[in-house]
Amino acid sequence: MSKCLKWLTINENNIYIHRLAIHPDNQGKGFAQVLMGFAEKFAIENSYSSIRLDTFSQNKRNQKFYELRGYKRLGDIFFPKQSKYPFHCYELVL
């Protein structure tokens, strides 16, 4: 992630999600909701302070998905070798 990004919690007891992908044949069936529910429950049960993640800025569907789950967009990070577009960073305080 980014050292310049201002996270909502201290960098000490956080869990990170770096990839969430559902095969196109299985999209729209609730599998992403189940996976995120599992991750969030795991984080709560294990006393993590927050969940942090990033999603591609051009992926509006993912952005809406995370925002509807209560994740707050905090800023952007760039991976110039991967894309000319940024990735949006999100955090959910538990």
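Here are a few friendly notes on helix 2 and the sheet beside it, in what is a predicted model.

1. A good place to start is the sheet. It is open and built from 4 strands in the order 1-2-4-3, with mixed pairing. Strand 1 (14–17) and strand 3 (72–77) are the edge strands, each pairing on one side only. From one strand to the next, the twist averages 25°.

2. Next, look at how strand 3 meets strand 4. These two strands run antiparallel and are joined by 5 bridges. If you would like a spot to find by eye, R73 stands opposite Y90 in strand 4. As background, strands of a sheet pair through backbone hydrogen bonds, either parallel or antiparallel.

3. Now place helix 2 against the sheet. Helix 2 lies across strand 2, strand 3 and strand 4, and runs at about 160° to strand 2.

4. Which residues of helix 2 are buried? In this helix, which spans residues 60–68, they are Q63, F65 and Y66. They cover an arc of only 160° around the axis, so they sit on the same side of helix 2. Among the elements covering these buried residues are helix 1 (31–45), strand 2 (50–56) and strand 4 (87–93).

5. Turn the view around to the other face of helix 2. The face turned away from the buried side carries K60, R61, K64 and L68, which are exposed.

6. Finally, check what comes after the helix. Helix 2 is followed by G70, and the phi of G70 is positive, near 100°.

Conventions
Residues numbered from 1 in each chain as written. Predicted model: local features only at pLDDT ≥ 70, side-chain atom pairs only at ≥ 80, totals over all residues. Heavy atoms only, no water. Buried < 20%, exposed > 50% of the residue type's maximum accessible area, 1.4 Å probe, protein only. Arc of directions from axis to C-beta. Contact = heavy atoms within 4.5 Å. Pairing = 2+ DSSP bridges. Axes fitted to C-alpha atoms, helices over the stretch in contact; angles between N-to-C directions.
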